[in-house]
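Welcome, and thanks for taking a look at this one with me. Please open the sequence and the coordinates side by side before reading on.

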Amino acid sequence: MLIAGFPAGAWGTNCYLVAPAAGEECVIIDPGHQAAAGVEETLRKHRLKPVAVVLTHGHIDHVASVVPVCGAHDVPAWIHPEDRYMMSDPEKALGRSIGMPLMGELTVGEPDDVQELTDGARLSLAGMEFGVSHAPGHTKGSVTFRMPESPEIPPVLFSGDLLFAGSVGRTDLPGGDHAELLESLARVCLPLDDSTVVLSGHGPQTTIGRERATNPFLTGMTGADAPRRGM
């Protein structure tokens with residue numbers, strides 16, 4: 001298994017390319033602000049052929065390069081329907097202007113082929129399987145992608161902006177909800193094995209075990225602590 005990641009753009013958003021091995025097809029996760037050049041460099045370095053872009057959520061720092069990356073390789077983008085509008089209207093997603101100079105560098109809109117993610121879906125892409133969990137709280141359409149353990153690597157969770165090393169995602173932007181975030185953490189993250197590697201939208205990698213023991217938002221919480229939301 002090959003997982004190559006790099007921080008991109010003004011927000012240092014982690015973009016990941018995932019493949020069974022070098023020289024094979026790959027999936028691109030969260031090509032954000034100014035990520036296109038890094039994506040192309042990583043594709044060349046590892047001789048990869050992208051088959052899809054998958055998005056943990058719709059904030060501009062995670063989707064800003066979706067249009068050029070998908071267009072260059074004629075691949076679809078996958079996003080949860082509740083965050084799809086953010087690709088075309090990033091300022092509405094933030095509740096304010098993100099700044100005209102920065103906006104001038106962005107290609108706002110949807111790629112030609114957009115597929116919608118659903119909770120519990122299993123995506124079979126590039127010979128790999130990604131388990132999708134809807135995890136609202138940071139945004140209404142936030143999701144995580146989970147890959148099972150293999151002979152080469154322990155289980156992996158691409159957590160987006162749900163869970164970071166030592167922290168969790170902010171909930172003060174439109175669509176954010178702290179109670180929903182805590183429910184998502186308890187339901188999606190805590191049942192995972194301690195060995196699960198967490199690859200977040202920002203910052204260094206961590207593990208579920210480390211976060212369970214040290215993250216102030218998770219310490220003492222169990223899966224049974226997920227708030228009941230009356231749905």
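What follows is a walk through the sheets, the helices, the cores and the cysteines of this predicted model.

**The sheet of E1 to E6**

Let us begin with a sheet of six strands, which is open and has mixed pairing in the order E1-E2-E3-E4-E5-E6. Its edges are strand E1 (2-8) and strand E6 (114-116); each has a single partner strand, so one side of each is left without a neighbour in the sheet. From one strand to the next, the twist averages 25°.

Within this sheet, strand E2 (residues 13-19) pairs with strand E3 (residues 25-29) in the antiparallel sense, over three bridges. To find the register, look at Val18, whose bridge partner in E3 is Val27.

Two helices can be placed against these strands. Helix H1 (residues 36-46) lies across E1, E2, E3 and strand E4 (49-54), and runs at about 155° to E1. Helix H3 (residues 66-73) also packs on the sheet, where it touches E3, E4 and strand E5 (77-79). The direction of H3 makes about 145° with that of E4.

**A closer look at H1**

Which residues of H1 are buried? They are Gly38, Val39, Thr42, Leu43 and His46. Seen down the helix axis, these buried residues fall within an arc of 135°, so they line one face of H1. They pack against E1, E2, E3, E4 and H3. On the other side of H1, the exposed residues are Ala37, Glu41, Arg44 and Lys45. Just after the helix, Arg47 takes a positive phi of about 55°.

**The sheet of E7 to E14**

There is also an open sheet in which six strands follow the order E7-E8-E9-E10-E13-E14, with mixed pairing. Here strand E7 (122-125) and strand E14 (206-207) stand at the edges, and each has a single partner strand, so one side of each lacks a neighbour in the sheet.

Strand E8 (residues 128-134) is mostly covered, with six of its seven residues buried. The hairpin of E7 and E8 has two residues between the strands, and in this hairpin Ala126 takes a positive phi near 55°. Strand E9 covers residues 143-147 and strand E10 covers residues 156-160. The antiparallel pairings in this part of the sheet are set out below, each with one bridge pair to check.

| Strand pair | Bridges | One bridge pair |
|---|---|---|
| E7 and E8 | four | Arg122 and Gly131 |
| E8 and E9 | four | Ser133 and Thr144 |
| E9 and E10 | three | Met147 and Val156 |

**The nonpolar cores**

The largest nonpolar core has 27 residues, of which Leu17, Ile28, Val39, Val53 and Val66 touch the most other members. At least two residues of this core come from each of E1, E2, E3, H1, helix H2 (60-63), H3 and E5. Which residues does Ile28 contact, leaving aside its neighbours within four places in sequence? The list is Cys15, Tyr16, Leu17, Val39, Pro50, Ala52, Val53, Val54 and Val69. A second, separate core holds 23 residues, including Val54, Val143, Phe145 and Met147.

**Met1 at the start of the chain**

Met1 is found in the segment before E1, and with 29% relative accessibility it counts as partly exposed. Not counting residues up to four places away in sequence, Met1 touches Val18, Ala19, Pro20, Met128, Met147, Glu152 and Ile153. Along the chain, Met1 and Phe130 are 129 residues apart, while 13 Å separates their C-alpha atoms.

**The cysteines**

How many disulfides does a search of the whole structure find? The search finds zero. A disulfide is a covalent bond between the sulfur atoms of two cysteines. For Cys15, the closest cysteine sulfur is that of Cys26 at 9.5 Å, which is too far for a bond. For Cys70, the closest cysteine sulfur is in Cys15, and the separation of 11 Å is again too far for a bond. Cys15 is buried, at 0% relative accessibility, and Cys70 is buried too, with a relative accessible area of 2%.

Definitions and conventions
Residues are numbered from 1 along each chain as its sequence is written. This is a predicted model: local features need pLDDT of at least 70, side-chain atom pairs count only at pLDDT 80 or more; totals for chains, interfaces and linings use all residues. Side-chain values use heavy atoms; hydrogens and water are left out. Two strands pair if DSSP finds at least two bridges between them. Axes are lines fitted to C-alpha atoms, for helices over the stretch in contact, and angles run from 0 to 180 degrees between N-to-C directions. Contact means heavy atoms within 4.5 Å. A nonpolar core is a set of buried Ala, Val, Leu, Ile, Met, Phe, Trp, Tyr and Cys residues joined through side-chain atoms within 4.5 Å. Buried means under 20% relative accessible area, exposed over 50%, partly exposed in between (1.4 Å probe, protein chains only). A disulfide is a pair of cysteine sulfur atoms within 2.5 Å. The arc is that of the directions from the helix axis to the C-beta atoms.
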